[in-house]
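Student: I would like a close look at one part of this model. Please take a single strand and its surroundings, then place that part among the other features.

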Amino acid sequence: MRLKRGALRLLPLAFSVHAAFAQQAPATQDDTKVQRLDDVVVTGSVKRTQKKDSTNTVNTISAEEIRKLAPISTADLLQNVPGIFAEGSTAGEASNNITVRGLPVTGGYRYAPQLIDGLPWFEEPEVPFMNNDVAARFDLMTKRVEVVKGGTGGILYSNGLGATVNHITRTGGQTLEGGYKLEIADYNFLRNDFFLSGPINKNLTFAVGGFYRTSDGLRDTGYTADKGGQVRGNLVYRTDDGTTEVQLHALKINDRTAFYQNVPFQVPAITQPGTAANPVRIDMNAVWPIGIDFAHGTVASPSNRRFTMLGEYGQRQVDMADGIHPNFDIYTAKLSHEFESGWTFDGGVRHTSGSSGFNALFTGNDTTTAARFNNARYNNDVLRFGAFYQGAVGVAAYGLNGGPRIADSTYLNYLIPFITTTEAKSTSVDLKVGKTLELLGEHQVTLGTYFTEYSNKQNFQQSLLVSTMNDHSELVELRAIDAAGTPVGPSVTSGGVMRLGFNGYLADTKVKGEAIYLHDHWEALDRRLKLDLGVRHQTQRANVTYNVRDQTTNMTPAGVVPGSAADTIADNEVLLPGANQYLNSKVSATGWSVGANYSLRPTLAVYGLVSNSFRLPSLEQLNQLQFDPTAPGSKVEKIRQYETGARYYADTWDTQVALFYNKFSPRDQYVDYRDFTSPQCTPAGTIVDINSCPLVREFYRRGIQNIGLELEAAWRPRAVKGLELRITGVVQDPKVVDANYRTVKELRVNDVVTGYTFEQIGEDGRRPRRLAKFMANVQGTWDLKPYTGLPFKPYAKYTYFGSRYSESQDVNVTLYPAYYHLDGGFIWDFNKNSAFQFHVSNITNRLSFTEGDPVFVDLKGPNGATNRGVSRPLFGRTLRAMYTYFF
């Protein structure tokens, strides 16, 4: 039975539950200050370094802070890091998008690789339909998360020039420890986390843990939306003298999560397209849903959960409940040794193999009444097959399996399933030697080599469904009808599917790479001055086979008479893969970084860095041949970064502030369109059948410049014991460089396509899409024990995101408004081992959109008096409860 939202039912529990937060005596402010000064990070450095001594920006999130933040996903966790925008994690628990400091990406993790204990779980962080967060999950085995931006990240790690995110795993000690956590929420969410760690003998320790979760989904899909989890463990061997350490890690993830996309909305009518000077401004006080509830609704439903697709494989049944489905085995071996000569060796090998599925339902921007929708289908689809439909005067919608006719006032829309299967393997080897030298101070010199080999085989295909737009939407069957309202000719759809096999591609990519890097960590002037000097040279060799689904094929089954009542035109234009296209690519690049940190006094340091980095082609670029063949030198992206900042630690507050500037050289982008002017196009009444026109790819260049200021601060007022306030924020001004191209625009009258035209697009000087100029995060925690004697800690978090453009294009400019998100709850550590936590997300049930398409002047709402669009809203208010126990 589904729990009513907003009314959390606390199940009777047999609590043998998690414990990691045993009560402790309240720390004095001096104690807290010492702890903060002694914070040590291992990411982006060749030795354990105190956070205050880093030569670039470092942010850390401890296990205790993860507990208070209560994130629903990796992206939700990372949006608490200054400069990272995670779009509210509105896609669900996995496959969310993040951007870092305005870098030129609006999806995935191109410049923010997710490492687990210093090695990537998959070498390439930008893979289409396999976001880098799908296998980087937190649980009770997560000790902390460290984020290093720029600088040494681009030297010590592949693709680490934006934000290198390192998820650090718990290992065992000489004391047996364990914990269990049970979490429930008001959407039939049930999650179990556990860990157990300790000694096997005095030299060998172990740790094992993981999670398993089921839920009906953050939006009401009508079926089990999230199901699965991960288990991981490690063995650590240390010699008696501490000079040698061997680590073996294994992780198995097999998880399914729903992917939530845009829902339709309508706004007051606009009279002209938005421009850069006068954009269409979305006002959340004047936005109305079209059939789907913003807070908890979704276009996914039991009716569209399963359907049929056709392709080169024949016929298959698709289950949308598979959702985002990573199924990977990840194995790691690490060795470190210190020789008597003072030389050190550190090596790590990781191998990942498995698959990742991406079954996601995208929403068309065609929501209108059935009368208007069906009229467009008659004019744009039925008339193209006129010989099959003698006597037809229109189209009507019916329920599936002989259901009744759908009322003309019912909302109908297209749904576009994106169905992708990915087979992936990745092996990474990082070997380095180090030596401490004395020359005008102490030098920790590191020479490293890096080897990688990875493969990615993808089959991506779309389909086209016709559905009602309401709670638990229903697929409908479209039929041509005569003047008497009687169906004639073949069905326009087949089981609610209008195109049984649509756009997509097949790609098979194999990549090998090597890198060599040199790094010098130099400490001088009584260790008050720290310098990080590094250089990295990397080579990539790729072999790609690519097939576009562009061959229109009639797949009417043998034995079915074309045009008969037993026929359907849904299988007449299936797009199959065309001829193989090949890419054999070899590229290389060199980058360098110089950073310095100077301690003015023990609690105050200033730092600065300059780096010249690079980004070799990603799998998204390789898989789809996103390179201009006339510009062979354009495959490598060059990045110049500058940063300066200061860190200050006082008794009652501490601050980290950073000023940064990034300049990304323009890199290849492309636009695909159907050339409607080609004589190869098939006539379709007064227009052409656009899907019969040749597919054209045109290249253009696009870069980014951004200047910004980041702040991270904490305040613990003496007058209010136990209170801590944390503030993070960023002010930035990202701008697109270059980016001018053309595309094809549909001309519509009352939703009927009447023709096509070319439209010139410019982005130069515009703000990149979905990026805010200002973002802030304020967190407060108050330990009431000094006043009440009770270990009770209320907390709250306020997150603010400034206004954002739907696109960076200079046509149909649409500005989505700023929004805030308020979360809060309390933690009750009611004995030294056990704790209860209650958490409310989106306390005010705030309505806003995190992303969305432009609003077009010719796309009218169902009543003709508004304009429609599609956007992804925040999740509505949710309630969660957690009980934990540690021993």
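**Strand β9 and its surroundings**

Tutor: Before turning to the strand, a word on the surface of this predicted model: β30 (504-524), β31 (529-553) and β33 (581-601) each contribute at least two residues to a nonpolar patch. The patch is made up of Phe 339, Trp 343, Val 433, Leu 447, Ile 516, Leu 518, Leu 533, Val 535, Trp 592 and Val 594, which together have about 790 Å² of accessible area. One of its residues, Ile 516, belongs to strand β30. The relative accessible area of Ile 516 is 43%, so this residue counts as partly exposed.

Strand β9 is the part to examine closely. It covers residues 163-169, and seven of the seven are buried, so β9 is largely enclosed by the rest of the structure. In a regular strand, side chains alternate between the two faces of the sheet. In β9 both faces are covered. Ala 163, Val 165, His 167 and Thr 169 are buried on one side, while Thr 164, Asn 166 and Ile 168 are buried on the other.

Two pairings of β9 can be described. Strand β6 (residues 114-116) runs parallel to β9 and is joined to it by three bridges. Within this pairing, Ile 116 is opposite His 167. Strand β8 (residues 142-149) runs antiparallel to β9, with seven bridges between them. Here Lys 149 has Ala 163 of β9 as its bridge partner.

Ile 116 also leads to the interior, as one of the residues touched by Trp 121. Other contacts of Trp 121 include Gln 114, Met 130, Asn 131, Val 134, Phe 328, Ile 330 and Arg 350. Trp 121 is among the residues with the most contacts inside the largest nonpolar core, together with Phe 122, Met 130, Phe 358, Tyr 389 and Leu 478. That core has 58 residues, and strand β24 (residues 411-438) gives the most to it, with five. Another core lies apart from it and has 33 residues, including Ile 270, Val 299, Leu 475 and Phe 849.

For a contrast in setting, consider an open sheet of three strands, in the order β16-β47-β46, with mixed pairing. β16 (280-281) and β46 (804-805) are at its edges, each with a single partner strand, so one side of each has no neighbour in the sheet. β16 pairs with strand β47 (residues 814-816) in the parallel sense over two bridges. Val 280 has Thr 814 in β47 as its bridge partner.

Conventions. Residues numbered from 1 in each chain as written. Predicted model: local features only at pLDDT ≥ 70, side-chain atom pairs only at ≥ 80, totals over all residues. Heavy atoms only, no water. Patch = residues over 30% accessible without salt bridge, like charges linked within 9 Å, V, L, I, M, F, W, Y side chains within 5 Å. Areas by Shrake-Rupley, 256 points an atom, 1.4 Å probe, with all protein chains shown as cover. Salt bridge = Lys/Arg side-chain N within 4 Å of Asp/Glu carboxyl O. Helix = DSSP H or I, 4+ residues; strand = E, 2+ residues; numbered from the N terminus. Buried < 20%, exposed > 50% of the residue type's maximum accessible area, 1.4 Å probe, protein only. Core = buried A, V, L, I, M, F, W, Y, C linked by side-chain atoms within 4.5 Å. Contact = heavy atoms within 4.5 Å. Pairing = 2+ DSSP bridges. Lists of a residue's contacts leave out its neighbours within four places in sequence.
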